[in-house]
Protein chains: 2
Amino acid sequence: MSRVSSRITLQDVAREAGVSLATADRVLNGRAGVRGATAERVRDVVARLGYRPNAAAARLARGETYRFCFVLPSGPNVFMRQLAEQVTNTAEWLSTHNAFIDLLRVDVFAPEALASTLEALIGRYDGVAVVALDHPRVRSAIDDLTAAGMVVVTLVSDVPSSHRRHYVGVDNIAAGRTAGTLIGRFAGGRQGSVGLIVGTPALRDHAERQFGFTQVLSGEYPGLKLLAAQESLDEDVRTQAIVEQMLRDVPDLVAIYNVGAGNSGIAAALAAAGQAGERIFIGHDLTDDTRRFLLRGVMDAVINQDAGHQSRSAARVLLAHCSGEPLFDEQERIRIDIFVRDNLP
Amino acid sequence: MSRVSSRITLQDVAREAGVSLATADRVLNGRAGVRGATAERVRDVVARLGYRPNAAAARLARGETYRFCFVLPSGPNVFMRQLAEQVTNTAEWLSTHNAFIDLLRVDVFAPEALASTLEALIGRYDGVAVVALDHPRVRSAIDDLTAAGMVVVTLVSDVPSSHRRHYVGVDNIAAGRTAGTLIGRFAGGRQGSVGLIVGTPALRDHAERQFGFTQVLSGEYPGLKLLAAQESLDEDVRTQAIVEQMLRDVPDLVAIYNVGAGNSGIAAALAAAGQAGERIFIGHDLTDDTRRFLLRGVMDAVINQDAGHQSRSAARVLLAHCSGEPLFDEQERIRIDIFVRDNLP
DNA sequence: TCCAATTTGAGGTTCGAACATCAAGAGAAA
DNA sequence: TTTCTCTTGATGTTCGAACCTCAAATTGGA
């Protein structure tokens with residue numbers, strides 16, 4: 001029953017408030033030269049009539065174009081490839097809204113390179129979305145961009161102490177905790193060891209997931225013994241070797257949690273040992289591979305953060321901050337998705 | 001590296017193709033009176049330059065306003081209240097895009113009433129989003145609306161055999177299967193009975209969830225015995241009574257799956273029996289209550305379909321279909337969310 | 001009361017596409 | 001060649017807000 005009749009324009013507001021279009025315009029756009037009482041009257045009418053500026057007309061009149069730069073890690077990481085692809089889709093959408101995206105890829109393990117890449121962006125863009133590295137050099141580069149009047153958004157991996165305007169991504173501690181709870185529950189009282197594989201603890205998101213996971217497992221599932229974390233550098237061959245070793249050395253292995261990439265390696269090792277489906281196996285990022293592993297019962301759950309959502313969200317946030325349009329917080333919250341075999345999209 | 005330089009307008013396309021603005025316009029808007037070869041040339045240039053119409057300008061020029069009607073069930077159902085609230089939010093957003101929403105609430109258990117409500121909408125709206133009931137009268141009402149040139153979208157609950165243009169909602173069979181898998185896995189080999197509570201099997205979504213759940217449980221977890229489904233009519237007092245009885249009569253009760261509303265009643269019954277946290281308890285719809293139950297360990301998982309997402313998605317779909325703008329399928333897919341204690345938003 | 005500063009009004013231009021109208025040009029059929 | 005139809009160009013108007021300028025009205029202070 002929330003009815004709004006046809007369309008209220010600034011004209012209507014001005015007429016109703018007994019002022020000219022120019023004055024109404026001055027009030028709404030915060031331009032100087034309007035007496036307080038008059039401004040108040042206009043604002044009252046705006047509220048009373050429920051006036052909302054026509055988004056299309058406003059955009060058209062403003063006529064600005066925005067340039068954004070997305071900085072993603074290079075390398076073969078599947079999730080980052082998905083993200084890059086989604087950024088390309090987003091770029092297409094943005095291009096109909098007078099905003100343009102350049103996509104840059106830099107070595108994720110080189111904070112210096114990332115920092116100098118960022119610094120080179122100063123003045124060339126209106127906004128930057130960056131998969132950041134929590135490192136003093138990077139932080140100061142982000143602050144420099146912000147100081148230069150650019151809007152900076154961190155993507156996937158945050159730098160909380162920087163002056164970035166917004167973080168688009170999930171709480172990775174919570175993601176790790178989620179994995180912990182799922183493994184704990186799936187184990188259902190069984191006793192034994194749990195293997196933990198991380199890409200590299202140098203990545204903030206990996207470290208955070210590991211932290212959350214450890215917290216839950218050691219705090220709430222005393223029957224499960226957490227093995228020392230092994231580093232895979234996100235490579236299939238290394239995860240495979242790690243798991244093969246584990247299957248040999250740890251007879252009471254109940255579950256494996258893979259914090260980073262390389263799930264195919266784990267699946268291969270399990271299959272080779274004839275153990276696929278015997279051990280609980282939880283990992284991150286829904287890909288063609290992990291989807292197949294779920295369907296075949298090799299993996300038990302996949303924790304995911306939607307690349308498309310993150311890319312679009314970053315774009316919307318940048319656009320909103322640059323153009324001063326409102327933002328719906330709720331829509332920009334990235335969820336920690338849990339996928340099992342039955343709720344695959 | 002996907003760079004698009006400033007902005008290509010229809011002017012640029014026309015110049016590049018060596019035709020007039022008028023002709024370029026005729027080609028792009030499919031107006032008659034252009035020779036095939038000429039049209040081809042224009043389309044080539046469009047592709048080559050990557051021309052995309054300015055969304056704001058197009059909207060403004062079209063200058064149409066759209067009227068949509070959202071038809072939701074009346075009654076105290078929490079999810080439907082959330083949905084109604086989100087529709088109100090969506091209405092606010094839409095109002096800046098020249099589209100307006102009326103919200104109607106009708107008795108969900110009365111197909112005749114729903115059907116006649118729908119029929120009364122003919123000609124008064126450009127689009128309708130309806131939480132439908134799968135009933136011949138309702139189906140034919142939807143078909144009548146469609147025949148009258150209106151865009152009809154089913155929301156939350158589908159009528160697949162109707163001519164609705166789109167279904168915004170989840171696959172409820174998959175949702176039920178997901179619950180089944182979670183309970184099966186959480187039980188972790190324990191033997192015993194599983195209680196099943198539905199609001200009413202007359203609701204398609206409830207029936208589908210029950211179907212999916214039963215499928216998984218009886219097919220894959222032979223150690224778990226599924227008790228006969230009990231009807232709660234989505235009422236707390238009734239679910240409470242049902243569970244109290246269950247706790248008395250079924251000593252080996254392992255888990256409870258509540259297909260509909262009324263989770264508070266279940267929590268109360270469990271608490272009264274001192275059994276909160278002892279039985280696996282999975283239900284639907286994330287609310288203040290269920291969130292609290294998750295945090296306290298009373299519930300083990302909540303399966304959710306995001307009301308805000310569904311409301312916005314329905315609006316976007318209606319808008320896109322009415323105005324002929326493109327739609328990003330991937331963005332409009334509603335996910336089956338699994339929430340445990342650790343990944344609450 | 002008068003001057004100066006501040007407020008307000010009136011009007012115009014711009015953005016890019018959609019859509020309309022009319023005349024000029026091309027081509028085909030008679 | 002003439003006539004008629006089919007294409008094309010030229011040109012305008014519209015949408016609603018943003019932003020600009022200049023003149024008129026109002027206000028406040030001296």
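# Questions on the A–B interface and chain B

Visitor: How many salt bridges are counted between chain B and chain A?

Guide: In this predicted model, the count between the two chains is 14 salt bridges.

Visitor: Why is the meeting of Asp337(B) and Arg335(A) called a salt bridge?

Guide: Their side chains meet at 2.8 Å, N to O. The cut-off is 4 Å between a side-chain nitrogen of Lys or Arg and a carboxyl oxygen of Asp or Glu, so the pair qualifies.

Visitor: How many residue pairs are in polar contact between chain B and chain A?

Guide: The count is 18 residue pairs, with both residues at pLDDT 80 or more. On the side of chain B that touches chain A, the elements giving two or more residues include helix H5 (78-95), helix H8 (172-187), helix H13 (307-323) and strand E12 (337-339). H8(B) gives the most to that side, with 7 residues.

Visitor: What makes up the side of chain B that touches chain A, in terms of nonpolar, polar and charged residues?

Guide: That side divides into 24 nonpolar, 16 polar and 20 charged residues. In all, 60 residues of chain B are in contact with 61 residues of chain A.

Visitor: What area is buried between chain B and chain A?

Guide: It is about 5300 Å², and carbon and sulfur atoms give 47% of this. In chain B, Arg185(B), Arg335(B) and Asp342(B) lose the most area to chain A, together 13% of what that side buries.

Visitor: How do you know which way H10(B) and H11(B) cross, left-handed or right-handed?

Guide: The near helix is turned clockwise from the far one, and the crossing is therefore right-handed. Helix H10 (residues 236-249) and helix H11 (residues 263-272) of chain B pack at an angle of about 35°, their axes being 7 Å apart. Among the residues making the contact are Val243(B) and Leu247(B) of H10(B), together with Ile266(B) and Ala269(B) of H11(B). The contact residues comprise 6 nonpolar, 5 polar and 2 charged.

Visitor: What makes the approach of the side chain of Tyr167(B) to the backbone oxygen of Val156(B) a polar contact?

Guide: The side chain reaches that oxygen at 2.8 Å. The cut-off is 3.5 Å for a pair of N or O atoms, one able to donate a hydrogen and the other to accept it, so this pair counts. A polar atom of the Tyr167(B) side chain also lies 2.7 Å from the backbone oxygen of Val170(B).

Visitor: Where is Tyr167(B) found, and which residues beyond its sequence neighbours does Tyr167(B) contact?

Guide: Tyr167(B) is found in strand E5 (residues 166-168) of chain B. Leaving aside neighbours within four places in sequence, its contacts are Thr154(B), Leu155(B), Val156(B), Ser157(B), Asp158(B) and Asn172(B). Val156(B) is 11 residues away along the chain, and the C-alpha atoms of the two are separated by 7.8 Å.

Visitor: What is the phi of Val156(B), and where does Val156(B) lie?

Guide: Val156(B) has a positive phi of about 70° although it is not a glycine. Val156(B) lies in the loop between strand E4 (151-155) and E5 of chain B.

Visitor: What is the phi of Asp234(A)?

Guide: Asp234(A), also not a glycine, has a positive phi of about 60°. Asp234(A) is found in the loop between strand E8 (230-231) and helix H10 (236-249) of chain A.

Definitions and conventions. Residues numbered from 1 in each chain as written. Chains lettered and ligands numbered in written order. Heavy atoms only, no water. Axes fitted to C-alpha atoms, helices over the stretch in contact; angles between N-to-C directions. Helix = DSSP H or I, 4+ residues; strand = E, 2+ residues; numbered from the N terminus. Contact = heavy atoms within 4.5 Å. Nonpolar A, V, L, I, M, F, W, Y, C, P; charged D, E, K, R; others polar. Buried area = accessible area lost by both parts, 1.4 Å probe.
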